[in-house]
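Here is a walk through one protein chain, with an eye on how its pieces pack. Have the viewer open and follow along.

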Amino acid sequence: MASPDTDGPVALVTGASGALGAAVARVLDRRGYRLALHCATGADRAGAVAAELGRPSVVVRADVADWAATQAMVDRVHAELGAVSVLVNAGAIRRDGLLATQSVDDWTRTIAVNLIGTYHTCRAVLPDMVRARWGRIVNVVSPAGLIGSRGQTAYSAAKAGVMGMTRSLALECGRYAVTVNALSPGLMASTLTEQVPAEISAALVARTAPGRMGTPGEVARGIELLLDADYMTGQVLCIDGGMSIS
């Protein structure tokens, strides 16, 4: 089902300077969406993604852990492109460490960006979706939110929290034809996985059925299903090579 916005629908992708965010942006561009490409850092990379797109786009910067900054970003998108009808929360940070020794600042910052930041973006765009009686929210999560992961208590807690929020928000929004789902990628080539030690990366690859990493493009194709599935909401779509079931 296409968005009912006859002037051309608008999508906001957070973390658009990253590999998955960029791949999602390309999918949405092909679907006819005008893109707001968010980045916290790496505006040059987000700009390079924008230069590839065929539809109008704008690069916006904000620390999504800051409510005022997030609302200002969405206000700018509204002014320059229009109301957001699709939100993809693909931005994330990872600051790994054992809970007993990890700094309080690193632990709380991970929660602030990954969990509270997702709340902020959803809160900022949802009123327009409700008024329009149509919308799609896709929150990118992780197998770390489904299974234990040593050294990732903060990241795991944040992603598990986003899954819980996704399910509850889906129940709140269903009557307005707004679906809320989560997309859980497995190990794939990205800025986050570049930080994973080689031996850990190899062990994670060994847990996949195909025995390889996924690609951002393979994961991003899940966005098309979540755009079109009117009766699918509150779900976690795992595109992880079977990692979460091994």
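Helices here are DSSP runs of H or I with at least four residues, and they are numbered from the N terminus. Keep in mind that this is a predicted model.

## Helix α4 against helix α5

Two packed helices are described by the angle between their axes and the distance between the axes. For α4 (residues 104-132) and α5 (residues 153-173), the axes come within 8 Å and cross at roughly 20°. Angles under 35 degrees count as roughly parallel, so α4 and α5 are roughly parallel to each other. As for handedness, α4 passes α5 in a right-handed crossing.

Who does the touching? On the α4 side you'll find Trp-107, Thr-110, Ile-111, Asn-114, Leu-115, Thr-118, Tyr-119, Cys-122 and Leu-126. Facing them from α5 are Thr-153, Ala-154, Tyr-155, Ala-157, Ala-158, Gly-161, Val-162, Met-165, Leu-169 and Cys-173. Sorted by class, the residues of this contact are 14 nonpolar and five polar, with no charged ones.

## Three residues in α4 and α5

Thr-110 sits in helix α4. Is Thr-110 buried or exposed? Its relative accessibility is 0%, so Thr-110 counts as buried. Leaving out residues up to four places away in sequence, Thr-110 touches Ile-93, Arg-95, Leu-115, Ala-154, Tyr-155 and Ala-158.

Ala-112 is also part of helix α4, and with a relative accessible area of 16% Ala-112 is buried. Beyond residues up to four places away in sequence, Ala-112 touches Ala-65 and Gly-117. From Ala-112 to Ala-158 you count 46 residues along the sequence, yet the C-alpha to C-alpha separation is 8.4 Å. Over in helix α5, Ser-156 has 13% relative accessibility and so counts as buried. Ser-156 touches Ala-144, Gly-145 and Ser-149, again not counting residues up to four places away in sequence.

## Helix α3 against helix α4

Helix α4 has another crossing to look at, with helix α3 (residues 67-80): the two axes come within 9 Å and cross at roughly 40°. This crossing is right-handed.

From α3, the residues involved are Trp-67, Thr-70, Gln-71, Val-74 and His-78. They meet His-120, Thr-121, Arg-123, Ala-124, Val-125 and Asp-128 in α4. By class, this contact has four nonpolar, five polar and two charged residues.

## The nonpolar cores

In soluble globular proteins, nonpolar side chains tend to be buried together. In this model, the largest nonpolar core has 30 residues, and Leu-28, Leu-35 and Val-88 touch the most other members. Which elements give two or more residues to this core? They are β1 (10-14), α1 (19-30), β2 (34-39), α2 (43-52), β4 (86-89), β5 (135-140), α8 (216-220) and α9. The top contributor is α1, with seven residues.

Leu-28 is worth clicking on. Setting aside neighbours within four places in sequence, Leu-28 is in contact with Ala-11, Val-13, Tyr-33, Leu-35, Val-86, Val-88, Ile-223 and Leu-227. There is also a second, separate core of 23 residues, which includes Met-73, Leu-126, Ile-137 and Leu-169. Leu-126 and Leu-169 turned up earlier too, in the contact of α4 with α5.

## Glu-224 in helix α9

Glu-224 belongs to helix α9 (residues 222-228). With 27% relative accessibility, Glu-224 counts as partly exposed. Apart from neighbours within four places in sequence, Glu-224 is in contact with Val-27 and Arg-31. Try Arg-212 as well: Glu-224 and Arg-212 are twelve residues apart in sequence, but 23 Å apart in space, C-alpha to C-alpha.

## Two positive phi values

Most residues other than glycine have a negative phi. Arg-133 goes the other way, with a positive phi near 60°. You'll find Arg-133 in the loop between α4 and β5, where Arg-133 has a relative accessible area of 48% and is partly exposed.

Ala-177 likewise has a positive phi, about 60°, although it is not a glycine. Look for Ala-177 in the loop between α5 and β6 (178-185). Ala-177 is partly exposed, with a relative accessible area of 34%.

Notes
Residues are numbered from 1 along each chain as its sequence is written. This is a predicted model: local features need pLDDT of at least 70, side-chain atom pairs count only at pLDDT 80 or more; totals for chains, interfaces and linings use all residues. Side-chain values use heavy atoms; hydrogens and water are left out. Axes are lines fitted to C-alpha atoms, for helices over the stretch in contact, and angles run from 0 to 180 degrees between N-to-C directions. Angles under 35 degrees count as roughly parallel, over 145 as roughly antiparallel, 65 to 115 as roughly perpendicular and the rest as oblique. A crossing is left-handed if the near helix is turned anticlockwise from the far one by less than a right angle, and right-handed if clockwise. Contact means heavy atoms within 4.5 Å. Ala, Val, Leu, Ile, Met, Phe, Trp, Tyr, Cys and Pro count as nonpolar, Asp, Glu, Lys and Arg as charged, and the others, Gly among them, as polar. Buried means under 20% relative accessible area, exposed over 50%, partly exposed in between (1.4 Å probe, protein chains only). A nonpolar core is a set of buried Ala, Val, Leu, Ile, Met, Phe, Trp, Tyr and Cys residues joined through side-chain atoms within 4.5 Å.
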